[in-house]
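Me: I am new to this structure and would like a close look at a single part. Please keep the sentences short.

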Amino acid sequence: MPAYAEPVSSYGFERSEAADGSHVRIALSGELDLTNARELERRLESACGPETSLVVDLNRVSFIDSAALHVFFRLARGCGERLRILLEPTASIAYAGHACS
């Protein structure tokens with residue numbers, strides 16, 4: 001795993017699970033950057049199981065840098081089609097998400 005700086009920026013992480021266990025939903029908020037990317041990656045990877053879909057809601061994220069974007073690229077490689085990203089066109093980081101699609 002790449003070396004990252006000590007966490008400085010804060011972010012919110014709300015986890016909920018479907019009653020039937022078919023998916024986990026993670027709602028993120030705040031700033032996702034180099035200083036919290038390692039922790040974010042660890043938490044998201046643990047939520048993506050072999051039989052469980054992962055839905056990540058980025059609509060309340062106010063800032064995302066390249067280190068955090070790479071977390072999602074690596075997560076997509078690991079989770080494959082079990083990963084879904086929710087990002088409304090009006091979200092603060094929608095331009096960054098659009099640039100990567």
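How many residues does helix 2 have, and what does helix 2 reach from its first C-alpha to its last? Please also show what surrounds this helix.

Reply: One caution before the details: this is a predicted model.

Start with the span. Helix 2 covers residues 66–79, which is 14 residues. From the first C-alpha to the last, helix 2 reaches 20 Å. That is close to the 20 Å expected at 1.5 Å a residue.

Now the two ends. Aspartate 65 caps the N-terminal end of helix 2. One of its side-chain oxygens lies 3.1 Å from the backbone nitrogen of alanine 67. Beyond the other end, glycine 80 follows helix 2. The phi of glycine 80 is positive, near 60°.

Next, the buried residues. In helix 2 these are Ala67, Ala68, Leu69, Val71, Phe72, Leu75 and Cys79. Alanine 67 therefore appears twice here: it is buried under the cut-off of 20% relative accessible area, and its backbone nitrogen faces the capping oxygen of aspartate 65 at 3.1 Å. The cover over the buried residues of helix 2 includes strand 2 (23–32), helix 1 (37–47), strand 3 (53–64) and strand 4 (83–86).

Those strands belong to a sheet. It is an open sheet of four strands, in the order 1-2-3-4, with mixed pairing. Strand 1 and strand 4 are the edge strands, each pairing on one side only. On average, neighbouring strands of this sheet are turned by 20° against each other, direction ignored. Strand 1 and strand 2 pair in the antiparallel sense, over seven bridges. Glycine 12 stands opposite serine 29 in strand 2.

Both helices pack on this sheet. Helix 1 touches strand 1, strand 2 and strand 3, and its direction makes about 5° with that of strand 1. Helix 2 touches strand 2, strand 3 and strand 4, and its direction makes about 170° with that of strand 3.

Helix 1 deserves a look too, as part of the cover of helix 2. Its buried residues are Ala37, Leu40, Glu41, Leu44 and Ala47. Seen down the axis of helix 1, these residues fall within an arc of 130°, so they line one face of the helix. On the other side, Arg42 and Ser46 are exposed. The cover over the buried residues of helix 1 includes strand 1 (11–17), strand 2, strand 3 and helix 2. Each helix is thus listed in the cover of the other.

Definitions and conventions: Residues are numbered from 1 along each chain as its sequence is written. This is a predicted model: local features need pLDDT of at least 70, side-chain atom pairs count only at pLDDT 80 or more; totals for chains, interfaces and linings use all residues. Side-chain values use heavy atoms; hydrogens and water are left out. Helices (H or I, at least four residues) and strands (E, at least two) are DSSP runs, numbered from the N terminus. The expected span of a helix is 1.5 Å times one less than its number of residues. Buried means under 20% relative accessible area, exposed over 50%, partly exposed in between (1.4 Å probe, protein chains only). Contact means heavy atoms within 4.5 Å. A polar contact is a pair of N or O atoms within 3.5 Å; within protein, one must be able to donate a hydrogen and the other to accept it, and residues adjacent in sequence count only if both atoms are side-chain atoms. The arc is that of the directions from the helix axis to the C-beta atoms. Two strands pair if DSSP finds at least two bridges between them. Axes are lines fitted to C-alpha atoms, for helices over the stretch in contact, and angles run from 0 to 180 degrees between N-to-C directions.
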